[in-house]
Amino acid sequence: MASIRRTLSPYHDRPYQNGGNPFSVESASHKVLYNGKASSALPSFGLGILKFFAGGLFPKNSRKSVNSWKKWIYRCSMFFSLGFLLGMAPFGGVEDVRSRDFSFDESFVAKPVEIVKEENVKNLVVEKPEENFVVDKVELGVVDVNKRFDFVPRKQLIVVTPTYNRALQAYYLNRLGQLLRLVPPPLLWIVVEMNAASLETADIVRKTGVMYRHLVTKKNLTDIKDRGVHQRNTALEHIERHKLDGIVYFADDDNIYSLELFESLRAISRFGTWPVAMLAQSKNKAIMEGPVCNGSRVIGWHTNEKSKRLRRFHVDMSGFAFNSAILWDPKRWKRPTSDPIRQLDTVKEGFQETTFIEQVVEDESQMEGIPPGCSRIMNWHLHLEARGVSYPRGWLLQKNLDVVISNSS
């Protein structure tokens with residue numbers, strides 16, 4: 001029996017020019033795995049894993065390829081079985097897991113809340129849904145602003161006071177200033193002097209604590225018939241220029257006023273008037289001058305002097321007040337003319353009031369009587385100041401305000 005014997009290729013042992021093997025895999029991973037210099041740099045454990053995978057995937061030659069794949073499959077199966085067994089092995093007691101209760105407590109379950117809603121009710125009450133609920137009762141209240149806050153917007157009062165140097169000036173200004181302190185704000189006190197503002201007057205007005213403005217009338221005294229008329233006109237010009245909003249009232253410093261009067265002024269819409277008590281020129285009887293009212297409607301006038309019966313309106317200078325907007329907003333009040341409203345110094349004494357009022361209103365239908373019925377006297381014009389007051393010897397008067405004792409006495 002003849003035997004056939006294969007001879008090896010003469011090129012089996014011939015190395016390549018670069019010293020490699022024709023059947024070897026000269027890849028980058030192969031060089032790293034089988035190069036002694038590179039492998040020595042890796043740790044022993046990591047090097048073993050790399051050799052294991054590289055040995056199965058990259059065999060050295062083709063004869064051992066079949067055995068290498070078998071070894072690789074065997075090793076994978078062994079590691080898979082080992083991992084499976086470790087995953088199934090219990091590291092804790094089974095009873096510990098069974099003993100834990102992962103269900104939700106019924107007390108923490110959200111339940112719908114019933115809300116009672118009623119019309120025209122200010123408070124909404126949330127009823128108690130369950131006995132074990134934490135919140136017992138909730139009330140959503142609506143704040144009543146009118147009960148909680150007592151702030152009531154008030155009209156500003158603009159009190160005009162002409163004054164001049166005389167013996168009792170300090171007494172009159174202090175008396176009027178102390179009264180104005182009791183009037184609820186807002187209130188503006190306009191004090192007007194002639195020619196120059198004295199430091200003494202400014203000091204008295206400032207110490208009262210009332211908001212004020214100190215004005216001066218620049219007029220030649222020789223050409224003035226009634227200084228009070230020009231002083232009031234200076235205040236009217238100031239109000240018109242700055243458009244001060246409020247109720248204007250002419251309050252002379254020598255008159256007597258009740259606190260009720262200033263409280264009633266804020267009820268005026270356009271023009272308000274009231275009766276004033278005063279002494280007659282003979283000073284032996286008291287008379288009353290002012291409106292006769294039916295409620296708040298003016299229907300007539302009180303008068304006692306024959307010389308004043310020709311007046312259209314029988315009112316004292318301290319017996320009326322008006323809205324300041326009439327001065328600087330004629331269209332709003334439907335005034336027939338836009339001429340400035342001022343008091344007249346050219347008319348006969350006692351007629352300044354009526355000529356001024358005729359510029360503000362047309363007739364009694366535009367007036368308001370205060371208080372209702374005009375049945376109460378709220379201020380007095382007594383004319384009690386004595387003329388030509390003489391001081392005792394040894395006393396000096398500085399600016400007609402404060403009395404001091406002379407050193408020579």
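Residues count as buried under 20% relative accessible area, as exposed over 50%, and as partly exposed in between. By that scale Asp 203, at 25% relative accessibility, is partly exposed. Welcome to a quick tour of this predicted model, which takes in a five-stranded open sheet, one disulfide and eight salt bridges.

**The sheet and its edges**

- Five strands make up an open sheet in the order S7-S14-S9-S10-S11, and their pairing is mixed.
- Strand S7 (256-257) and strand S11 (297-302) stand at the edges with a single partner strand each, so each has one side without a neighbour in the sheet.
- As general background, strands of a sheet pair through backbone hydrogen bonds, in either a parallel or an antiparallel sense.
- Strand S10, covering residues 286-294, pairs with S11 in the antiparallel sense, and five bridges join the two.
- Cys 293 has Val 298 of S11 as its bridge partner.

**The disulfide**

- Cys 293 turns up again here, since the structure holds one disulfide and Cys 293 forms it with Cys 374, the sulfur atoms being 1.8 Å apart.
- Cys 293 sits in strand S10, while Cys 374 sits in the loop between strand S13 (368-369) and strand S14 (379-381), so the pair ties together parts that are 81 residues apart in sequence.
- The disulfide is left-handed, because the torsion about the S-S bond of Cys 293 and Cys 374 is about -60 degrees.
- Cys 293 and Cys 374 are both buried.
- Another cysteine, Cys 76, is partly exposed, with a relative accessible area of 32%.

**Salt bridges between separate parts of the chain**

- Among the eight salt bridges found in the whole structure is that of Arg 376 with Glu 260, where the closest N and O atoms are 2.6 Å apart.
- Arg 376 belongs to the loop between S13 and S14 and Glu 260 to helix H10 (residues 259-265), so this pair ties together parts that are 116 residues apart in sequence.
- Both ends of this bridge are partly exposed: Arg 376 has a relative accessible area of 38%, and Glu 260 has a relative accessibility of 32%.
- Glu 364 and Arg 312 form another salt bridge, with their closest N and O atoms 2.8 Å apart.
- Glu 364 lies in the loop between helix H12 (352-360) and S13, and Arg 312 in the loop between S11 and strand S12 (320-323), so the parts tied together here are 52 residues apart in sequence.
- Glu 364 is buried, with a relative accessible area of 17%, whereas Arg 312 is partly exposed at 36%.

**A salt bridge network in helix H8**

- Lys 207 forms a salt bridge with Asp 203, the closest N and O atoms being 3.2 Å apart.
- Helix H8 (residues 199-207) holds both Lys 207 and Asp 203, which are four residues apart, about one turn of the helix.
- Lys 207 is exposed, with a relative accessible area of 62%, while Asp 203 is partly exposed at 25%.
- Arg 206 joins Asp 203 and Lys 207 in a network of salt bridges.

**A nonpolar patch on the surface**

- Tyr 74, Met 78, Phe 79, Leu 82 and Leu 86 make a nonpolar surface patch of about 560 Å².
- One of these patch residues, Leu 86, is found in helix H4, which spans residues 65-88.

How values were computed: Residues numbered from 1 in each chain as written. Predicted model: local features only at pLDDT ≥ 70, side-chain atom pairs only at ≥ 80, totals over all residues. Heavy atoms only, no water. Pairing = 2+ DSSP bridges. Patch = residues over 30% accessible without salt bridge, like charges linked within 9 Å, V, L, I, M, F, W, Y side chains within 5 Å. Areas by Shrake-Rupley, 256 points an atom, 1.4 Å probe, with all protein chains shown as cover. Salt bridge = Lys/Arg side-chain N within 4 Å of Asp/Glu carboxyl O. Disulfide = S-S within 2.5 Å. Buried < 20%, exposed > 50% of the residue type's maximum accessible area, 1.4 Å probe, protein only.
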